[in-house]
Amino acid sequence: MESLTNRKKVLESKPLNFLERAYLPAIAQGLAITMKHFFKKPVTISYPEEKREYSENFRGLHSLKRDENGKERCTACGLCALSCPAEAITMIAAERQKGEEHLYREEKYAAVYEINMLRCIFCGLCEEACPKEAIYLDGPHVESDYLRKDFIYGKDKLVEAPLNQ
Amino acid sequence: MGLADIVIKLVLIVIIFLISLVIAMYSTYAERKIAAFFQDRIGPNRAGPWGILQPLADGGKMFLKEEIIPTNASPFLFIAGPSLAILTACIGSAVIPWGQTVTMGGHTFDLQVTDINVGILYIFGVVSLGVYGVMIGGWASNNKYSLLGAIRAASQNISYEISMGLSIIALLMVTGTLSLKEIAEHQHGWHWNVLYQPVGFILFIVCAFAETNRTPFDLPECETELVGGYHTEYSSMKLGFYLFAEYINMFISSAVMATLYWGGYNYPGMDWVLAHTGPTIGPLIGTAVLFAKIFLFIFFFMWVRWTIPRFRYDQLMDLGWKVLIPLAIANIIVTGLWITFF
């Protein structure tokens, strides 16, 4: 029957000729192929000395951003926690006191901000939800650890380093 | 034979023993490194510079692992198996001529432990003893996979020994001697046996692959079918002995091939070099050349291992009995006619 795509290949199975049955030419061919690979540059990246480049839109570790004056942007509105499908984010809000204006941009801030990195699926919905542009998934991947409790990252690990005045 | 000769022989034995152990050790490293290069990888590179200390780390691991003897195994035979395997692997090197006679400080001595006039037969005897190590180990393990592996090893070695022996007969017809030293001398100055016996050499190398249980004939330890083959139940240094024996066998068979077919310690321009470097250094250069040939063969063993897939068991037997043996016999006949008429 005529095939509809015209891409049907008819394979012939001829009996092997003498050279093919003698195996040795085929083995020599195989040896030549492996020898070509012997001189190829290895593709290995020796982690951790060398690191593979992340792609530009890689979503890694979260960072809580500061504004141009070095104040924390987060206002503890909870939208990130609400949007999080894995329920990885929790926070406790606090009111900004007098004299803390240089630390927090808004009148309310997150006193505690925790992300459970074992729950997080790095979907990026928190950064989409954030109205203050305070959270971005722009870090490297999460490092390994021994205890589950050490995967709950607090503000000490999440907040960006303060600006150097 | 004076005391000095005995001391020299003992020193030579110890040196050859150490060299074969070190080469076997570093063959494991070379195997992994070469495998990596063939697969566009880097290979072991953590223990020492370029992973040079990897064999020591492996050896240390082997020694420190728990020694397990299965409840239903026969303890004596279980230990005898690997011991026999490594013993037979080591004694094969006794008859190989490593170089010409060296003169040093007024003494002359041969770089060969013993020049018995049936050298090749001795090697054949040792090689066929080697299968007992595998057979006893597989039997004593009281495990069906071990037993199947051992049976495969035994039948494979017996089948391929025949064609190996037949391919050697044609060589003996050309050289007219069984002594390895004389065969090596016979090839002096471009009379390498591989030029007179190309078919014999191909037969021999195929059989050598089978005898050392290397790919494509590594059915005795075929992981996909038989777990680990004859050494399934082995752990610790007893396993190490089996693996070690395989590499020593590879070294010895490389040395035998280099000696029988590729001129041994002979190399082009040898007489000129000998005349210019004196009777001490000159023969040692020949030894170095022999080792270069041996390393090339070991490399070839590994190269083939990382190229060719394993034979099916019936294909293995077909190749041994229906192809190699008739070819070897034809080779003998052609050689005989050639000697008679030319």
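Here are four short exercises on a predicted model, each with a worked solution.

**Exercise 1. Confidence**

Find the mean pLDDT of chain B and the ipTM and pTM scores of the model.

*Solution.* Start with the chain: the mean pLDDT of chain B is 85. Next, look at the spread, where 99% of the residues of chain B reach 70 or more. Finally, turn to the global scores, which are ipTM 0.76 and pTM 0.80. Keep one reading rule at hand: where pLDDT is low, predicted coordinates should not be read in detail.

**Exercise 2. Helix α10 of chain B and its two partners**

Work out how α10(B) is placed against α1(B) and against α11(B).

*Solution.* Two packed helices are described by the angle and the distance between their axes, so let's collect both values for each pair.

Step 1. Helix α1 (residues 3-38) of chain B and helix α10 (residues 236-260) of chain B have axes that come within 9 Å and cross at roughly 110°. Angles from 65 to 115 degrees count as roughly perpendicular, so α1(B) is roughly perpendicular to α10(B).

Step 2. List who meets whom. From α1(B) come B:Ser20, B:Ile23, B:Ala24, B:Ser27 and B:Thr28, and they meet B:Phe244, B:Tyr247, B:Ile248, B:Met250 and B:Phe251 of α10(B). Sorted by class, this contact has 7 nonpolar, 3 polar and no charged residues.

Step 3. Now take helix α11 (residues 270-305) of chain B: its axis and that of α10(B) come within 8 Å and cross at roughly 120°. That angle makes α10(B) oblique to α11(B). The crossing of α10(B) past α11(B) is right-handed.

Step 4. Among the α10(B) residues in this second contact are B:Met250, B:Phe251 and B:Ser254, while α11(B) brings residues including B:Leu290, B:Lys293 and B:Phe297. The contact of α10(B) with α11(B) divides into 10 nonpolar, 1 polar and 1 charged. Notice that B:Met250 and B:Phe251 appear in the contact with α1(B) and also in the contact with α11(B).

**Exercise 3. Strand β3 of chain A**

Which strands pair with β3(A), and in what sense?

*Solution.* First, strand β2 (residues 89-95) of chain A pairs with strand β3 (residues 108-116) of chain A in the antiparallel sense, over 7 bridges. Within this pairing, A:Ala93 has A:Ala110 as its bridge partner. Then comes strand β5 (residues 152-153) of chain A, joined to β3(A) by 2 bridges and running antiparallel. Here A:Asn116 is bridged to A:Ile152.

**Exercise 4. Where the chains touch**

How many residues does each chain bring to the contact?

*Solution.* Chain B gives 10 residues and chain A gives 11 residues. On the chain B side, these divide into 6 nonpolar, 2 polar and 2 charged.

Terms used: Residues are numbered from 1 along each chain as its sequence is written. Chains are lettered from A and ligands numbered from 1 in the order in which they are written. This is a predicted model: local features need pLDDT of at least 70, side-chain atom pairs count only at pLDDT 80 or more; totals for chains, interfaces and linings use all residues. Axes are lines fitted to C-alpha atoms, for helices over the stretch in contact, and angles run from 0 to 180 degrees between N-to-C directions. Helices (H or I, at least four residues) and strands (E, at least two) are DSSP runs, numbered from the N terminus. Angles under 35 degrees count as roughly parallel, over 145 as roughly antiparallel, 65 to 115 as roughly perpendicular and the rest as oblique. Two residues are in contact if their C-beta atoms, placed from the backbone, lie within 7 Å. Ala, Val, Leu, Ile, Met, Phe, Trp, Tyr, Cys and Pro count as nonpolar, Asp, Glu, Lys and Arg as charged, and the others, Gly among them, as polar. A crossing is left-handed if the near helix is turned anticlockwise from the far one by less than a right angle, and right-handed if clockwise. pLDDT is the predictor's confidence in each residue, from 0 to 100. Two strands pair if DSSP finds at least two bridges between them.
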